[in-house]
Amino acid sequence: MNCPRCQHPLAVTHIDDCKTIIEVDKCPNCEGIWFDKDELSQIEDIIEPMFIEIRDIPDKQEQFETLQCPKCNNSPRLQKAIHPRDRKVVIDYCPYCDGIWLDKGELEAIQQENFILTIAKVFACLGHVRARKK
Ligand SMILES: [Zn+2]
Ligand SMILES: [Zn+2]
């Protein structure tokens with residue numbers, strides 16, 4: 001897979017949370033991270049959904065650029081989900097394979113506890129956003 005943002009090949013990275021190790025695909029250039037659906041469900045299994053607190057992220061025009069799914073064959077466009085309590089955080093997700101792309105700035109902004117708990121909160125938040133749209 002290649003990075004949806006800068007097209008560099010993604011590298012497999014392991015995130016070790018003591019309890020579990022998950023495998024994600026990370027861009028060595030822009031440091032964004034792609035999460036497959038399977039990777040998400042591993043996280044959902046171990047963490048209860050919680051609300052998310054997000055600190056300041058500078059408004060970035062590039063967050064609103066349309067990206068294409070790095071995983072699906074026909075490269076569908078990723079959908080934007082905006083955090084309900086912080087509109088500066090824009091999460092890209094694929095409606096076909098349910099993968100999620102997080103840019104580096106987004107990760108830094110939400111990293112306050114352990115990494116997996118942080119990500120679990122993002123997913124809980126995303127589920128909230130998607131449920132609301134239906
Ligand atoms: Zn990249
Ligand atoms: Zn996809």
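This section describes the fold, the two zinc sites, the nonpolar cores and two buried charged residues of a predicted model.

The protein has three helices and six strands. From the N terminus on, these elements run β-β-β-α-β-β-β-α-α. The chain has 134 residues, and 45% of them count as buried. Among contacts with a separation of 6 or more, 56% join residues 24 or more positions apart. The accessible surface comes to about 7500 Å². Carbon and sulfur atoms contribute 45% of that surface.

Zinc ion (ligand 1) is coordinated by four cysteine sulfurs. The donors are the SG atoms of Cys3, Cys6, Cys27 and Cys30, at 2.2 to 2.3 Å. Their spacing in sequence is C-x2-C-x20-C-x2-C. The four donor atoms subtend angles of 103 to 124° around the ion, so the arrangement is tetrahedral. The assignment follows because all angles must lie between 85 and 135 degrees for four donors to count as tetrahedral. The site also links separate parts of the chain. Cys3 lies in the segment before β1 (11–16). Cys30 lies in the loop between β2 (21–26) and β3 (33–35). The pair therefore ties together parts that are 27 residues apart in sequence. Burial separates these two donors. Cys3 has a relative accessible area of 0% and is buried. Cys30, at 23% relative accessibility, counts as partly exposed. The cut-off for buried is under 20%.

Zinc ion (ligand 2) has four cysteine donors as well. The SG atoms of Cys69, Cys72, Cys94 and Cys97 coordinate the ion at 2.2 to 2.4 Å. The donors follow the spacing C-x2-C-x21-C-x2-C along the chain. Angles among the four donor atoms are 103 to 112°, and the site is tetrahedral. Cys69 and Cys72 are both buried.

Donor cysteines from both sites also appear in the nonpolar interior. The largest nonpolar core has 11 residues. Cys3 and Cys27, donors to zinc ion (ligand 1), belong to this core. Cys69, Cys72, Cys94 and Cys97, the donors to zinc ion (ligand 2), are also members. The core is completed by Leu10, Trp34, Leu67, Leu78 and Trp101. A second, separate core has 10 residues, including Ile22, Ile91, Tyr93 and Leu102. Beyond four places in sequence, Cys69 touches Trp34, Ser75, Pro76, Leu78, Cys94 and Cys97.

Two charged residues are also buried. Asp92 is placed in strand β5 (residues 86–93). Its relative accessibility is 0%, and Asp92 therefore counts as buried. The side chain of Asp92 makes a polar contact with the side chain of Lys80 at 2.5 Å. Beyond four places in sequence, Asp92 touches Arg5, Leu67, Leu78, Gln79, Lys80, Gly99, Ile100 and Trp101. Of these contacts, Leu67, Leu78 and Trp101 are members of the largest nonpolar core.

Arg5, another of the residues touched by Asp92, lies in the segment before β1. Its relative accessible area is 17%, so Arg5 is buried. The side chain of Arg5 makes a polar contact with the side chain of Asp103 at 2.5 Å.

Terms used:
Residues are numbered from 1 along each chain as its sequence is written. Chains are lettered from A and ligands numbered from 1 in the order in which they are written. This is a predicted model: local features need pLDDT of at least 70, side-chain atom pairs count only at pLDDT 80 or more; totals for chains, interfaces and linings use all residues. Side-chain values use heavy atoms; hydrogens and water are left out. Donors are N, O and S atoms within 2.8 Å of the metal (3.2 Å for Na, K and Ca); water is not among the atoms, so sites may look incomplete. Four donors count as tetrahedral if all angles lie between 85 and 135 degrees; four count as square planar and six as octahedral if opposite donors are over 155 degrees apart and all others between 65 and 115; anything else is irregular. Helices (H or I, at least four residues) and strands (E, at least two) are DSSP runs, numbered from the N terminus. Buried means under 20% relative accessible area, exposed over 50%, partly exposed in between (1.4 Å probe, protein chains only). A nonpolar core is a set of buried Ala, Val, Leu, Ile, Met, Phe, Trp, Tyr and Cys residues joined through side-chain atoms within 4.5 Å. Contact means heavy atoms within 4.5 Å. A polar contact is a pair of N or O atoms within 3.5 Å; within protein, one must be able to donate a hydrogen and the other to accept it, and residues adjacent in sequence count only if both atoms are side-chain atoms. Accessible areas come from the Shrake-Rupley method with a 1.4 Å probe; for residues, only the protein chains shown count as cover.
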